[in-house]
Structures are given as C-alpha cells and as structure tokens.
Amino acid sequence: MMIWQTNRLLDLHYAQHTFYLFVACSTICSYNFHWYLTPDDPASGSARLHWGSRNRWLMMLLCILGGIGSLWYLWQLREHWLELSGAAFLTFLYSAPKVPHPSLRWLSKIAVGKTLFLTFVWTYVTTLLPALIANQAATIPVALFTIHRFALVYAICILFDMRDLEDDKKAGIRSLITYLPPRQLDIVYFSSLGLAAITAILLYPYTDTPAIISLLLAVLATGLITRRAQRDKADYIYYVVLDGFMMLSAVLQFVYLLF
C-alpha cells in the first residue's frame, strides 16, 4: 500500500506488479527471519513473543518460501540489481545483531543503529527504491516525500524502541532510546513529527490537496496516540495501530479515490 502511494503521488512508471511481489516475498522472508532469531521472554507478557516461541518451525518455513519468491522476482528485476542490493543490505543490518555469531554481534553496540536501520529500510524500499527503478529519483517531489516518510517512520520507530527499552538494555543493544534521556528523546521525537508535517505541506505544488491532507492526518494521528503508546505496551497498540499509521495516509488516499 505504501509503495502504491509512492507510485501514484510521484507518478512513477516501471514494472510495478513485479516489484510489489518482490517486496511482498522479501518482507515475508526478512520478517520471519528476524522473529525466528528473537527469543521468547516468559516474563514479558507479549502474546507475539509467546506465539513465535511455539511456532518457530512455521517462521522458518515462511522465511525459506519468502526467500525463494524474492530470488524469483529479483531475477526478473535483475537490471536493477544494484538498487535492490541496497535494500537487502539495510534489511540484513537490522536483524544482524540477533545472529549468534561474534562477527555480527558488534552491530548491537552501535548507538542509534537499531532505530535508523529499520527506518532506512522502510523509507528506502517504499519510497526511494521505486523512484530509482523508474529512473525518476532526481526530483524535488521525490526528495520531499522521502524526507516526509523517513521522518514519520522514524518517529513511530522511536515509540517501538521506547517499549523495548528494558529488553534492549538487557541484550546490550544500543539505540537512540538507550542513549538519550527522556526529555531530549521527546525533542527528537516531536521534531521528527514536525519535519514530516512540514515536508508534507511543501509537497502541495506537486500533488493534489486530498493527498496532502492524508499525509498530515497520519502525522496528527501519530502525535495524538503518543502518550497512550508510551503508557500501554499492548501488542495491538504497536503491531496494529502504530504499524497501521505507517500506511494510514496511503489507505486514506485509496479510499478517497474509490469514492
């Protein structure tokens, strides 16, 4: 859905359906690979972690099937292998600290790395990569929309890291959340939301008004749920609501076009 929004807002032309399938298979592969490496914590109370502990075989199966699908569609997009390799590298960096090998454990010590890796992956794959494949990346709208999406996703990722603060400290994983005191972290968080709002407004000359409104509504919704997310660590708040806010503007645009 986020890639569809990018294609429409930036008017990109390339083999879109093949790219959609490549991203879908790659997401299934990387998501299950990441959670397969995440150990269960009986004291956490997370239904997500408990389910993963009971179904590790399923996550490994989905990881393998997703990997096969990724390779199949990667071959069809092979002329863009360099751009696609960047996406694979960023995705691996996010999960690499969880791999039980000394050569990769050092990544867990990099300050702010965890938050930035994930944000770069989301932004690159859903925004910049389609523009690169379409050979339309060097434009002002692409730059503004890339900054907007990065800022919004970064703010949401900060909320996820706030929830995982104690677990990350125990695991020795450093991130912006473990590095900054709460007051400074709030400044970074709300500055990121502010940047997302400003760049959305600056896109006004390049797209229609409903698209701008949908971008701003996603920023507003994230800001309004901030304190609730900081207090409530329930899985549905993060894996349904906040994850959903990443593509909220795209859903709003899609619904608007339907009616």
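This section describes the helical make-up, helix packing, aromatic contacts and backbone outliers of a predicted model.

The chain holds 15 helices and zero strands. Of its 259 residues, 45% are buried. Among contacts between residues at least 6 apart in sequence, 72% join residues that are at least 24 apart.

Helix α1, which spans residues 2-10, is mostly covered, with seven of its nine residues buried. The buried residues of α1 are Met2, Ile3, Gln5, Thr6, Asn7, Leu9 and Leu10. The helix is followed by aspartate 11, a residue with positive phi. Aspartate 11 lies in the loop between α1 and α2, the latter covering residues 16-36. With a relative accessible area of 46%, aspartate 11 is partly exposed, because buried residues fall under 20% and exposed ones over 50%.

Most residues other than glycine have a negative phi. Aspartate 11 departs from this sign, with a phi near 55 degrees. A positive phi is also found at asparagine 135, where the value is about 60 degrees although the residue is not a glycine. Asparagine 135 belongs to the loop between α7 and α8. At 71% relative accessibility, asparagine 135 is classed as exposed, because the value is over 50%.

Two packed helices are described by the angle between their axes and the distance between the axes. For helix α12 (residues 209-224) and helix α15 (residues 248-258), the angle is about 145 degrees and the axes are 8 Å apart. The crossing of α12 with α15 is right-handed. On the α12 side, the contact is made by Pro210, Ala211, Ser214, Leu215, Leu217, Ala218 and Ala221. The α15 side contributes Leu248, Ser249, Leu252, Gln253 and Tyr256. By class, the residues of this contact comprise nine nonpolar, three polar and no charged.

Six aromatic pairs are counted in the model. One of them joins phenylalanine 120 and phenylalanine 150, with ring centres 5.2 Å apart and an angle of 50 degrees between the planes. The pair is classed as tilted, because 50 degrees lies between the limits of 30 degrees for stacked and 60 for edge-to-face rings. Phenylalanine 120 is in helix α7 (residues 113-133) and phenylalanine 150 in helix α8 (residues 140-163), so that the pair links parts of the chain 30 residues apart. Phenylalanine 120 has a relative accessible area of 39% and is therefore partly exposed, as this value lies between 20% and 50%.

Elsewhere, Tyr14, Phe19 and Phe22 form one aromatic cluster. A further ring, that of tryptophan 75, has the charged end of arginine 78 over it, at 4.2 Å from the ring centre.

Phenylalanine 92 is located in helix α5, which covers residues 81-95. Its relative accessibility is 37%, so phenylalanine 92 counts as partly exposed. In sequence, phenylalanine 92 and leucine 118 are 26 residues apart. In space, the C-alpha atoms of phenylalanine 92 and leucine 118 are separated by 9.9 Å.

Note on methods: Residues numbered from 1 in each chain as written. Predicted model: local features only at pLDDT ≥ 70, side-chain atom pairs only at ≥ 80, totals over all residues. Heavy atoms only, no water. Buried < 20%, exposed > 50% of the residue type's maximum accessible area, 1.4 Å probe, protein only. Helix = DSSP H or I, 4+ residues; strand = E, 2+ residues; numbered from the N terminus. Axes fitted to C-alpha atoms, helices over the stretch in contact; angles between N-to-C directions. Left-handed = near helix turned anticlockwise from the far one by under 90°. Contact = heavy atoms within 4.5 Å. Nonpolar A, V, L, I, M, F, W, Y, C, P; charged D, E, K, R; others polar. Phe/Tyr/Trp six-rings, centres within 6.5 Å; stacked < 30°, edge-to-face > 60°. Lys NZ or Arg CZ within 6 Å of the ring centre and 35° of its normal.
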